[in-house]
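Dear colleague,

I am handing over the structure we spoke about, and you will find its sequence and coordinates just below. After that I set out what was found in it, so please keep the view open while you read.

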Amino acid sequence: MDILNALVVFLNFVFIPGLAYGAQLALGALGVTLIYGILRFSNFAHGDTMAFGTMVTILFTWWFQSMGISFGVLPTALLALPFGIAITAAMTLGTDRVVYRFYRKQKAAPVILVMVSLGVMFVMNGIVRLIIGVDDQNFADGGRFLISAGDFKTMTGLAEGLAIKSTQAVTVVTALVVMGLLFWFLQKTRTGKSMRAFSDNEDLALLSGINPDRVVQVTWIIAAALATIAGVLYGLDKSFKPFVYFQLLLPIFAAAIVGGLGSPIGAIAGGFVIAFSEVMVTYAWKKVVTYLVPESMAPEGLLQLMSTDYKFAVSFAILILVLIFMPTGLFKGKSV
Amino acid sequence: MTRNLALFAAVGLLFLLTGMFQSWNLALSILNISLISAIMALGVNIQWGYAGLFNTGIMGFTALGGLAVVLVSARPVAEGWAAGGSGILLGLFLGAASIALAIFAWNRLPKGGLRMAATLAIVVAGFVLFRMVFDPAVNAVEAFNPATAGNIGGLGLPATLAWPVGGLLAAGAAWAIGKIALGLRSDYLAIATLGIAEIIIAVMKNEDWLARGVKNIIDMPRPWPVPYEVSLQQSAAFVDWATRWGFAPTTASSIIVKLIYAALFLAVLLAVIWLSERALKSPWGRMMRAIRDNEVSAAAMGKDVTRRHLQVFILGSAVVGIAGAMYTSMAGQLTPGEYNPLRFTFLIWVMVIVGGSGNNWGAVLGGLLIGWLWLIVESLGPMVMGGIVAGLSEGPLKAHLIDSAQHMRLLTMGVVLLLVLRFSPRGLIPEK
């Protein structure tokens, strides 16, 4: 029995990675859910918007690095982030003007808008591949660890180390700040309130004199910011590969639906539900259990419920369960 | 009518020009893949055009068709079967049985904590039992000669038989996914199918016992009337015939093989289109369109909308599965790594939308046209890009631009899709 070591292993391999991944998914799902709440369609281009924003940020990071600008222990990408957000926001606003606005004026069916977002996804995917290529790009710099496994061991004298990568810490802190700002904006500011009113009841909001074009524009800007931040954090934590961002669509949609499409707080909850389930189901629990049970009962197998190759199956399974048992999600989203 | 004929003639001309200016071999291989894509587009059109169902998992159904080819026609691996075949079957049966039992318990028990606990207990026990039986069997199968086998092999049956089996596999998957996601809001089906397709590909990549995963299965037998190029070249009669007409025997043999494939695919395409046209013009087709155009009033007229949707979703997916099996049959090998959603799902959507959703001939035209465009850019793109950047001095920028020509395809397809949706949403051949 060695509860402390078991706890450290759990924190190191399950809790901290899950927390960072959950924060990334939550930011992605927030973007999806906002678009859904205001514009009323599932945006299939969101994964590629993330990729686009990350790509722009990476380009700025490289430029800063070449000029010798750095951010101390923090990754340079954080300095480049505002520029990435600005360009991505310009891009989403442009897309809305050129593509989506036409269908909004026509009051096209949601499924048509979904299909249009497929076209946008194609274009953005093409642009990203054209500019930065399809390969892995690693752009994390600055300090590697907040606490490294070795330091932790000497500090506490435990057999197991707890490593906190600086990218994980940056992810969680940034995500908390962004979520706080977003909720402050939605709850306290006039524009935020008009967005919520528009999402709740479009006709009533229009009658009360809310300018729909402005609401839509602000939504796109926020969605672009959320997508870029989520993408950059994910890229810092793992690495940037355009196709992986496309595949993130599934867990992000699952998170948004689990929380309830259209509900921001639900998107955050959904992000963490999906991330922790994914990490816990694909983690091999052998080490933790070995510490917890008497030596004679130590397990022989890996105690892994599913191989990591099937991590998408986890988000999919949760998605299916939610669709069967509560189609409006945990926080009662829309089911138009 | 004349306009439609002219459109088909124009697309035919594109293939002829490719044959004349590049090579007939290339033109025919593009044609074969385009014919298969046209069948897939027909399947998607059944779902989207007849019923307004948005399926983003076409890739998964295509891959299931490919899997059927391996399971039906690949050489049997008797040792693999003996080692763990029965264990794998038993494991899969136990897994399926426990899911069925859990659903049964959920439906039959009275609401409350007991129902929840019982269902959960059945699922957990079923999972443990499944892993206990399944894992050792898989290890036994994969241990046998992993360099060349390590799988349970196929049944060694004729390859043509695999095509309908591919349709059945895809239909089964469509039934499961449709049962869950249909009847909810429209985007849920899109998201659920996106997920199931990723999972099908993940299973095919990682379950080595099934079809060797990413180690691929090669050298699968060809469907019935198609000969091998080598055996044609060895036949004296064929060489004699080819030289008499002034062809090189090697080129002639590969062209003959491709022509036979094209005839086979064309036969399937015509059969599918005939059946779908009949269905569309029948009372069933009118009912489907009525449901598509106004679900509420169709339901008020006593039509079971969800059931009809499930039916049409299964039918469309089966057609896609058949086409997927044909694709793998022609390639002669199953490579799960090549299934990419942009190529196998979204490109098919571009075909349907460009051709004209709701119109079968439109879907076929779109399949042929976009299929040609997609593949011709593969061979012409770098050349054109090379011409554009010829003036630039050698350097990393020039190399990058030439390399990136292949990505131009995605961009072009996206722009085409957006333009058609905006300016001609009914497509080249609109629904009547």
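In chain B, 80% of the contacts with a separation of 6 or more are made by residues that stand 24 or more positions apart. Please keep in mind throughout that this is a predicted model, and that each value below was computed from it.

Staying with chain B, its secondary structure consists of 18 helices and zero strands. The radius of gyration is 24 Å, which agrees with the value near 22 Å that a compact globule of 432 residues would have. Along the principal axes, the C-alpha atoms of chain B fill a box of roughly 75 × 60 × 50 Å, and 50% of the 432 residues are buried. Chain B exposes about 19400 Å², of which carbon and sulfur atoms supply 71%. It carries 28 positive and 19 negative charges, and the mean positions of these two sets are 11 Å apart.

Chain A has 14 helices and two strands. Its radius of gyration of 21 Å is close to the 20 Å that the globule rule gives for 336 residues, so chain A is as compact as a globular protein of that length. Its C-alpha trace spans about 70 × 55 × 35 Å along the principal axes, and 56% of the 336 residues count as buried. Among the contacts in chain A with a separation of 6 or more, 74% come from residues 24 or more positions apart. The exposed area of chain A is about 13700 Å², with 67% supplied by carbon and sulfur atoms, while its 22 positive and 17 negative side chains have centres that lie 12 Å apart.

For chain A there is also a record to compare with the model: an unreviewed UniProt entry places the feature "transmembrane region" at several spans, including residues 79-99 and 111-132. In the model, residues 79-99 of chain A are 100% helix and 0% strand, with end C-alpha atoms 31 Å apart. Residues 111-132 of chain A are likewise 100% helix and 0% strand, and their end C-alpha atoms lie 31 Å apart.

Three residues of chain A are worth finding in the view.

Thr57(A) is found in helix α2, which runs over residues 46-66. Is Thr57(A) buried or exposed? Its relative accessible area is 0%, and because buried means under 20%, Thr57(A) counts as buried. Leaving out residues up to four places away in sequence, Thr57(A) touches several others, among them Ala77(A), Leu81(A) and Thr228(A).

Leu25(A) is found in helix α1, residues 3-39, and is buried with a relative accessible area of 1%. Although Leu25(A) and Leu248(A) are 223 residues apart in sequence, their C-alpha atoms are 8.3 Å apart in space. Leu248(A) is also one of the residues in contact with Leu25(A), and others include Pro251(A) and Ile274(A).

Ser315(A) is found in helix α14, residues 311-325, and at 0% relative accessibility it counts as buried. Beyond four places in sequence, Ser315(A) touches Pro251(A), Ala254(A), Ile274(A) and Glu278(A). By contrast, the C-alpha atoms of Ser315(A) and Phe71(A), which are 244 residues apart along the chain, are separated by 36 Å.

With best wishes

Definitions and conventions
Residues are numbered from 1 along each chain as its sequence is written. Chains are lettered from A and ligands numbered from 1 in the order in which they are written. Side-chain values use heavy atoms; hydrogens and water are left out. Helices (H or I, at least four residues) and strands (E, at least two) are DSSP runs, numbered from the N terminus. The radius of gyration is taken over C-alpha atoms; the globule rule is 2.2 Å times the number of residues to the power 0.38. Buried means under 20% relative accessible area, exposed over 50%, partly exposed in between (1.4 Å probe, protein chains only). Contact means heavy atoms within 4.5 Å. Accessible areas come from the Shrake-Rupley method with a 1.4 Å probe; for residues, only the protein chains shown count as cover. Lys and Arg count as positive and Asp and Glu as negative; His and the chain ends are not counted. The place of a charge is taken as NZ of Lys, CZ of Arg, CG of Asp or CD of Glu. UniProt positions are given in the numbering used here, feature names are shortened, and annotations may be inferred rather than shown by experiment.
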